[in-house]
Amino acid sequence: MSDQKNIKLAISEGVASIWLARPKHNVFNIGMMDELNQVLESLKSDIGLKCVIIFGEGPSWCAGVDVGDHKPELVGDMIATFNRIFQLIDELTVPTIAAVQGACLGGGMEVAIACDMIVASKKAVFGQPEVKLGFFPPFAAIRLPALIGPAKTIEICTTGRTFGADEALSLGMISQSVEPDQFENAVNKLVAEIKASSPLILRLNKLAVKKHLGMDFDKALAGVSDLFLNTLMKSEDTLEGIASFYEKRKPVWKNI
């Protein structure tokens, strides 16, 4: 376990677990953002990584960004540091998961939706309440429309209302909404399913999706086919997967 003041990191069997740990509601300040950026930066070069999970310690996942860091003399530094979180999460080539319980509000919700998947306890509460304090959520303004469409995004941002995990699931914003007593099991099951595969093949699956988003159909089809034929099919792990199927055994991944 690697510990900083407000961020904790543990890596085991290719799974990086990050905990937001600033009592009592894991509200981000600039220092905490810096710590998270350092951890995320350190993970980029780990070629054995299979997935990254972000948890929140205590009753909340993250209740937002410290209002004090929005003061005119601090806000430029705060936005630059905060934006770096989204850039680093976007640069991670393995699946990223936000494991959310409790309050996930404002900047906290923005970090959660930056991840590829969200698994939420039914006790989770989501929302972008910035409008009530005279702000708007910059990252949510560009990320939410891709997840739930512009109409719902504008509703969420202009009302500032909170909503639960079931509504978030119905909107397509999260992957799973589970009972609180099943939350840990649900996260562990998802991680186990991901962990069973080759790190290289996991990265290629994510790349196949992300690289072709918003692309012209013919260009996207040609691009994903090229990735399949000239990268995937030339990997030892794909050949091992084929061999293990015919030999009726578990594959032994080499990550090459």
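Arg 161 is partly exposed in this predicted model, with a relative accessibility of 25%. Its side chain forms a salt bridge with that of Glu 155, at 3.2 Å from N to O. Glu 155 also counts as partly exposed, at 28% relative accessibility.

Side chains of opposite charge can pair when their charged atoms come close. The structure holds 16 salt bridges by the rule used here. Three of the pairs are set out below.

| Pair | N to O distance |
|---|---|
| Lys 44 and Glu 91 | 2.8 Å |
| Arg 161 and Glu 155 | 3.2 Å |
| Arg 249 and Glu 247 | 2.6 Å |

A pair counts as a salt bridge when a side-chain nitrogen of Lys or Arg lies within 4 Å of a carboxyl oxygen of Asp or Glu. The distance of 2.8 Å for Lys 44 and Glu 91 therefore meets the cut-off.

Which parts of the chain does the pair of Lys 44 and Glu 91 tie together? Lys 44 sits in the loop that runs between α1 (30-43) and β4 (51-56), while Glu 91 belongs to helix α2 (residues 72-91), so the salt bridge joins parts that are 47 residues apart in sequence. Lys 44 is partly exposed, at 38% relative accessibility. Glu 91 is partly exposed as well, at 35%. Both residues are members of a network of salt bridges that also includes Glu 41 and Arg 84.

In the pair of Arg 249 and Glu 247, the side chains meet at 2.6 Å, N to O. The relative accessible area of Arg 249 is 33%, and this residue is therefore partly exposed.

The next topic is burial. Is helix α3 (residues 107-114) mostly covered or mostly open? Helix α3 is mostly covered, with eight of its eight residues buried. Among them are Gly 107 and Gly 108. The charged residue Glu 110 is listed as buried too, together with Met 109, Val 111, Ala 112, Ile 113 and Ala 114.

Thr 153 is a further buried residue, located in helix α5 (residues 150-159). Why does Thr 153 count as buried? Its relative accessible area is 5%, and buried means under 20%, so Thr 153 falls in that class. Leaving aside residues up to four places away in sequence, Thr 153 touches Ala 140, Leu 144, Pro 145 and Ile 148.

How values were computed
Residues are numbered from 1 along each chain as its sequence is written. This is a predicted model: local features need pLDDT of at least 70, side-chain atom pairs count only at pLDDT 80 or more; totals for chains, interfaces and linings use all residues. Side-chain values use heavy atoms; hydrogens and water are left out. Helices (H or I, at least four residues) and strands (E, at least two) are DSSP runs, numbered from the N terminus. Buried means under 20% relative accessible area, exposed over 50%, partly exposed in between (1.4 Å probe, protein chains only). Contact means heavy atoms within 4.5 Å.
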